[in-house]
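Subject: Structure for you to look at

Hello,

Here is the structure I said I would pass on. Please open it, then read the notes below with it on screen.

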Amino acid sequence: MNLSELESLTTRAVADLSAAATPADLEALRIRYLGRNGAVNDATAALKAAPPAEKPFWGKAVNAFKSRTEKALADRRAALASAAEAASDDFDPTLPGAWISPGTLHPVTQLIDRTTAIFRRMGFTVADGPDIETEHYNFDALNTPADHVSRDTQDTFYLPAARLLRTQTSAVQARYMEANPPPVRIVCPGRCYRRDTTDATHSANFHQIEGLYVDRAVSLANLKSDIDHFARELMGPGVKSRFRPHFFPFTEPSVEVDFSCHMCGGKGCRVCKHSGWIEIMGAGMVDPNVFLAAGYDPDAVTGYAFGMGIERLAMLLFGIDDIRRLYENVVPYLSQF
Ligand code: DAH
């Protein structure tokens, strides 16, 4: 075999393969050209026997033979297969297709959407802050003294350089006021982190939504009526709120807010532990020290703030009894809601 014979062999092989009429013909051609005792072997033998000066040319030509015939073989094989499929009666175009699940939103995402939508309708906008916070915004600027229990390493994930994973979305309040003059009307949904041991009601990673309203002459009455409105919108028309005195470093006075039980209407049931009320959030009037830290004049403005856990709302509304269900990512379970 010489080089020009190899070239015409290549052309012929490609033409034959491309014209094969049946898979059996194609297989016979494959054996003839590319099989163990096929033409490819003669070409390789000729390459080995070639004088050193000609070897590069032979090498190229043999490679071209192999790659062009292999490509022609694969192309023809695919063409014959799709022709066979098109001709076969097995394909029934009236059969229903494979069902594609549209997916569902995670219960936590649903509650973030629902709560922010309610507050948007009340004139609030949505603000955001980083998960990795500084001690300053998470504690100092929120009037939380250095020796306050909530700073304890048992509660907080500390990071180097006075940073931490924020323990509360309240940190966004401090950031937002520092960057924006009053009036302020924001809600801030987001992730929070605490060194809690996971159980049915605790998770080291959870979500809160914070609210902050600052203007001239904002009062506790505004807080009460806005929270009542929120309670009705989220839980149902008959739901009321009640305030119990409490303490938070960043508010004075501070309250804990309960909603009347949406399940039993306040008569007492398993969900409200037979008390008729369910604890929902912390709230209060913004402490003057928080205004001072943010550069606001506490004599010119007042404000209310609140913060609540999103997982808790999702569990109450969907009847989920264990917070861990929200994080195990069992899709059939989560997609019920
Ligand atoms: N940050 C508080 C917590 O994580 C919740 C809270 C209470 C937020 C009172 C507030 C507030 O804005 O005024 O427990």
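Start with strand S6, residues 205–215. This strand is mostly covered, with ten of its eleven residues buried. Keep in mind that the model is predicted.

**The strands beside S6**

Which strands pair with S6? On one hand there is S5, residues 184–193, joined to S6 by ten bridges. S5 and S6 run antiparallel. To find the place, look for Pro-189, whose bridge partner in S6 is Ile-209. Then there is S10, residues 302–309, joined to S6 by eight bridges. That pair runs antiparallel too. Here Gln-208 has Gly-309 in S10 as its bridge partner.

Now take in the whole sheet. Seven strands form an open sheet, in the order S1-S5-S6-S10-S9-S8-S7. The pairing is mixed. Why is one side of S1 and of S7 left without a neighbour in the sheet? S1 (125–126) and S7 (241–248) stand at the edges and each has a single partner strand, so one side of each stays free of a neighbour in the sheet. At the S7 end, S7 and S8 pair in the antiparallel sense over seven bridges. Phe-243 is a good marker there, since its bridge partner in S8 is Val-257.

One general point helps when you look at any strand. In a regular strand, side chains alternate between the two faces of the sheet.

**The helix across the sheet**

Next, find helix H7, residues 170–179. H7 lies across S5, S6 and S10, and runs at about 40° to S6. Which residues of H7 are buried? They are Ser-170, Ala-171, Val-172, Gln-173, Ala-174 and Met-177. The elements that cover them include the strands S5, S6 and S10. Also among the covering elements are strand S2 (132–134), helix H6 (135–138) and helix H9 (288–294).

**A second sheet**

S2 also belongs to another sheet. Three strands form this open sheet, in the order S2-S4-S3, with antiparallel pairing. S2 and S3 stand at its edges with a single partner strand each, so each has one side without a neighbour in the sheet. S2 and S4 (residues 163–165) pair over three bridges. In that pair, Glu-133 has Leu-164 in S4 as its bridge partner.

**Two helix pairs**

Go back to the start of the chain for H1 (residues 3–19) and H2 (residues 23–34). They pack at an angle of about 165°, with axes 10 Å apart. H1 and H2 are therefore roughly antiparallel; the cut-off for that is an angle over 145 degrees. H1 passes H2 in a left-handed crossing. On the H1 side, the contact is made by Leu-9, Arg-12, Ala-13, Asp-16 and Leu-17. On the H2 side, it is made by Leu-26, Leu-29, Arg-30, Arg-32 and Tyr-33. The contact has six nonpolar residues, no polar ones and four charged ones.

Look at the spacing of the H1 residues with this in mind. An α-helix has 3.6 residues a turn, so residues three or four places apart point the same way.

The second pair is H3 (residues 39–49) with H4 (residues 55–87). Their angle is about 170° and their axes are 9 Å apart. H3 and H4 are therefore roughly antiparallel as well. Their crossing is left-handed. Residues of H3 in the contact include Val-40, Ala-43 and Leu-47. They meet a set in H4 that includes Trp-58, Val-62 and Phe-65. The residues of this contact divide into eight nonpolar, two polar and three charged.

**Four backbone spots to check**

First, some background. Most residues other than glycine have a negative phi, and most peptide bonds are trans.

- Pro-182 and Pro-183 are joined by a cis peptide bond, with omega about 0°. Pro-183 lies in the loop between H7 and S5.
- The peptide bond from Glu-252 to Pro-253 is cis, with omega near -5°. Pro-253 sits in strand S8 (residues 251–260).
- Asn-143 has a positive phi, near 60°. Its loop runs between H6 and S3 (158–159). Asn-143 counts as partly exposed because its relative accessibility is 26%.
- His-274 has a positive phi, near 60°. Its loop is between S8 and S9 (277–286). His-274 counts as exposed because its relative accessibility is 62%.

Best wishes

Notes. Residues numbered from 1 in each chain as written. Predicted model: local features only at pLDDT ≥ 70, side-chain atom pairs only at ≥ 80, totals over all residues. Heavy atoms only, no water. Axes fitted to C-alpha atoms, helices over the stretch in contact; angles between N-to-C directions. Helix = DSSP H or I, 4+ residues; strand = E, 2+ residues; numbered from the N terminus. Parallel < 35°, antiparallel > 145°, perpendicular 65-115°, else oblique. Left-handed = near helix turned anticlockwise from the far one by under 90°. Contact = heavy atoms within 4.5 Å. Nonpolar A, V, L, I, M, F, W, Y, C, P; charged D, E, K, R; others polar. Buried < 20%, exposed > 50% of the residue type's maximum accessible area, 1.4 Å probe, protein only. Pairing = 2+ DSSP bridges.
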